[in-house]
Amino acid sequence: MQEVINEPDNRPDEQPPRSVLRSWRTWLIGFVVCTVIGLLEGTQAWLGSVGSQNDMPISWPQGLASTMPSWYFLGLLLPPIFWMARRFPFHERRWKLSLLAHLPAAAIFAVIHLGAASVITDWLLARLGAPPVAHSFGANMFRLLGVYFVVEVFFYAMFVGFAHALDYRRQFRARERDAAQLALKTSRLEGSLTRANLESLRMQLNPHFLFNTLNAISVMALKGERHGVVRTLTLLSDLLRVSLENNAQVVPLRDEIVFLERYLEIEQIRFKDRLTVSMNLAPETLDAEVPTLVLQPLVENAIRHGISRKPGIGQVIIRSFTDGDMLVLEVRDTGPGFAHAGDSSRTGIGLANTRARIEQLYGAHQAMQIEDAPGGGAIVRLRTPFHICTSAESSATATPLVAAAEPRTA
């Protein structure tokens with residue numbers, strides 16, 4: 001037995017999303033934002049010192065040196081903040097544990113950020129000729145924490161919230177992508193199932209029609225009607241070729257009529273002058289979409305259970321017309337009707353198969369009516385959406401309908 005190995009699907013659109021901090025665009029945007037804010041704040045400090053009467057004015061580079069390190073170092077602290085946000089998310093069941101983890105992390109962030117920024121700023125200011133700091137590092141840190149601690153905790157909380165927002169956005173997009181892929185797979189599966197069901201229903205029609213026709217040929221052979229046998233076999237060969245070569249589920253009505261005419265010629269060989277057929281087809285319906293072999297089982301049902309069970313000449317009437325946005329196909333016979341059929345075979349495989357096929361193709365936008373005709377006989381009426389058929393080219397050439405065959409003798 002051959003072992004089947006499922007290789008992983010490495011399509012790019014299904015790769016796990018990369019962390020936002022691994023993107024060079026994110027780092028570039030962060031650098032630009034920190035630079036712009038630092039420039040604005042440093043410029044404001046410089047202009048404020050120039051207009052102040054109490055403090056010694058500072059130069060613009062000194063103003064930038066007092067602000068830029070804080071913002072740049074804040075950008076460098078984003079990766080550990082985002083890691084903490086992913087490691088301790090505020091989910092419904094563990095928000096208390098996450099809160100206990102983030103509170104000390106926020107305090108540590110404040111100390112590291114203010115301490116590192118203070119050291120770098122003092123070093124830069126000393127290089128730019130600013131007077132030395134009068135306070136010690138510890139005293140300066142105590143002063144900075146007293147002034148900026150709440151602001152630092154706010155920054156930490158803001159970045160944690162931003163990380164959560166990005167994570168929720170990523171999860172939402174992943175769910176959307178998974179839902180779209182599932183919907184696509186479901187749609188393809190439903191389409192495949194529908195096509196399989198339609199093909200199964202159609203394959204039921206072919207042997208059903210074939211067996212009935214072969215039975216008619218055997219009856220003619222027993223009666224010695226050699227010409228009828230040869231003619232029927234020729235027509236049957238043509239019908240089977242058209243049926244097997246055409247794999248489309250829908251065809252234009254005109255193609256369906258051509259197929260039906262050939263089938264009716266076989267039946268008229270059997271019934272001779274007992275069968276007459278009339279067609280009343282609206283011209284605008286000839287290019288309408290209809291299921292393949294939708295009329296043949298209806299006409300066969302009318303002939304087999306209607307015309308053949310009533311003495312004398314019988315008639316089958318085939319009509320097509322539009323009713324609003326619906327196409328209506330109607331097959332009527334002058335037989336005994338459904339109420340007087342005497343058994344349930346009148347609504348057997350042909351009609352049941354046809355009903356199942358139009359339900360598969362059109363869902364709720366279809367209807368099949370079976371009723372006795374006023375004055376005698378039966379009517380089968382199909383209602384389907386009216387669409388011009390564009391999925392299948394007309395492959396047959398229309399031939400005149402043989403209305404009533406002349407009586408033949410062997």
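A crossing of two helices is right-handed if the near helix is turned clockwise from the far one by less than a right angle. I needed that before looking at H3 and H5, whose crossing is right-handed.

**Entry 1: what I am looking at**

I note at the start that this is a predicted model. I looked up the overall make-up and found 10 helices and seven strands in the protein chain. The chain has 410 residues, and 37% of them count as buried. I also checked how far along the chain the contacts reach. Taking contacts with a separation of 6 or more, 77% are between residues 24 or more positions apart.

**Entry 2: H3 on H5**

I went back to this pair for the geometry. Helix H3 covers residues 68–76 and helix H5 covers residues 95–127, and they pack at an angle of about 140 degrees with their axes 8 Å apart. Angles over 145 count as roughly antiparallel, so H3 and H5 are put down as oblique to each other.

Which residues of H3 and H5 meet? From H3 I listed Pro69, Ser70, Phe73 and Leu74. On the H5 side I have Phe109, Ile112, His113, Ala116, Ala117, Ile120, Thr121 and Leu124. I sorted this contact by class and got nine nonpolar residues, three polar and no charged ones.

**Entry 3: H4 on H5**

Next I looked at what H4 does with H5. Helix H4 takes in residues 78–87, and its axis comes within 11 Å of that of H5, crossing at roughly 175 degrees. H4 and H5 are therefore roughly antiparallel to each other. Ile81, Met84 and Ala85 are the H4 residues in the contact, and H5 supplies Ala101, His102, Ala105 and Phe109. By class I get six nonpolar, one polar and no charged residues for H4 with H5. I notice Phe109 of H5 in the list for H3 and again in the list for H4.

**Entry 4: H8 on H9**

Then I moved along the chain to H8 (residues 253–271) and H9 (residues 296–305). They pack at about 20 degrees, with 10 Å between their axes, and are therefore roughly parallel to each other. The crossing of H8 past H9 is right-handed.

From H8 I wrote down Glu256, Phe259, Leu260, Tyr263, Leu264, Glu267 and Phe271, which meet Gln296, Val299, Glu300 and Ile303 of H9. The class split for this contact is seven nonpolar, one polar and three charged.

**Entry 5: the nonpolar cores**

How many residues are in the largest nonpolar core? I get 43, and the ones with the most contacts inside it are Leu295, Leu298, Val299, Ile303, Val316 and Leu329. H8 gives the largest share of this core, with nine residues. Val299 and Ile303 are on that list and also in the H9 side of the contact with H8.

I picked Val316 for a closer look. Setting aside neighbours within four places in sequence, Val316 is in contact with Leu275, Thr276, Val277, Ser278, Val299, Ala302, Ile303, Ile307, Val331, Arg332 and Asp333. There is also a second, separate core of 20 residues, and Phe82, Phe88, Ala106 and Phe155 are among them.

**Entry 6: single residues I checked**

Leu293 caught my eye for its backbone. Its phi is near 60 degrees, a positive value in a residue other than glycine. Leu293 sits in the loop between strand S3 (289–291) and H9. Is Leu293 buried or exposed? At 4% relative accessibility, Leu293 counts as buried.

Met279 lies in strand S2, residues 275–281. I make its relative accessibility 25%, so Met279 counts as partly exposed. Its C-alpha is 4.8 Å from that of Ile318, though the two are 39 residues apart in sequence.

Gln249 is in the loop between helix H7 (226–245) and strand S1 (250–252). With a relative accessible area of 15%, Gln249 is buried. Gln249 and Glu289 are 40 residues apart along the chain, and 9.8 Å separates their C-alpha atoms.

Last, I looked up Asn212, which is in helix H6 (residues 137–222). What does Asn212 touch, not counting residues up to four places away in sequence? I found Glu300 and Arg304. For Asn212 and Glu300, the C-alpha atoms are 9.4 Å apart, with the two positions 88 residues apart in sequence numbering. Glu300 is also one of the H9 residues that H8 meets.

Methods: Residues numbered from 1 in each chain as written. Predicted model: local features only at pLDDT ≥ 70, side-chain atom pairs only at ≥ 80, totals over all residues. Heavy atoms only, no water. Axes fitted to C-alpha atoms, helices over the stretch in contact; angles between N-to-C directions. Helix = DSSP H or I, 4+ residues; strand = E, 2+ residues; numbered from the N terminus. Parallel < 35°, antiparallel > 145°, perpendicular 65-115°, else oblique. Contact = heavy atoms within 4.5 Å. Nonpolar A, V, L, I, M, F, W, Y, C, P; charged D, E, K, R; others polar. Core = buried A, V, L, I, M, F, W, Y, C linked by side-chain atoms within 4.5 Å. Buried < 20%, exposed > 50% of the residue type's maximum accessible area, 1.4 Å probe, protein only.
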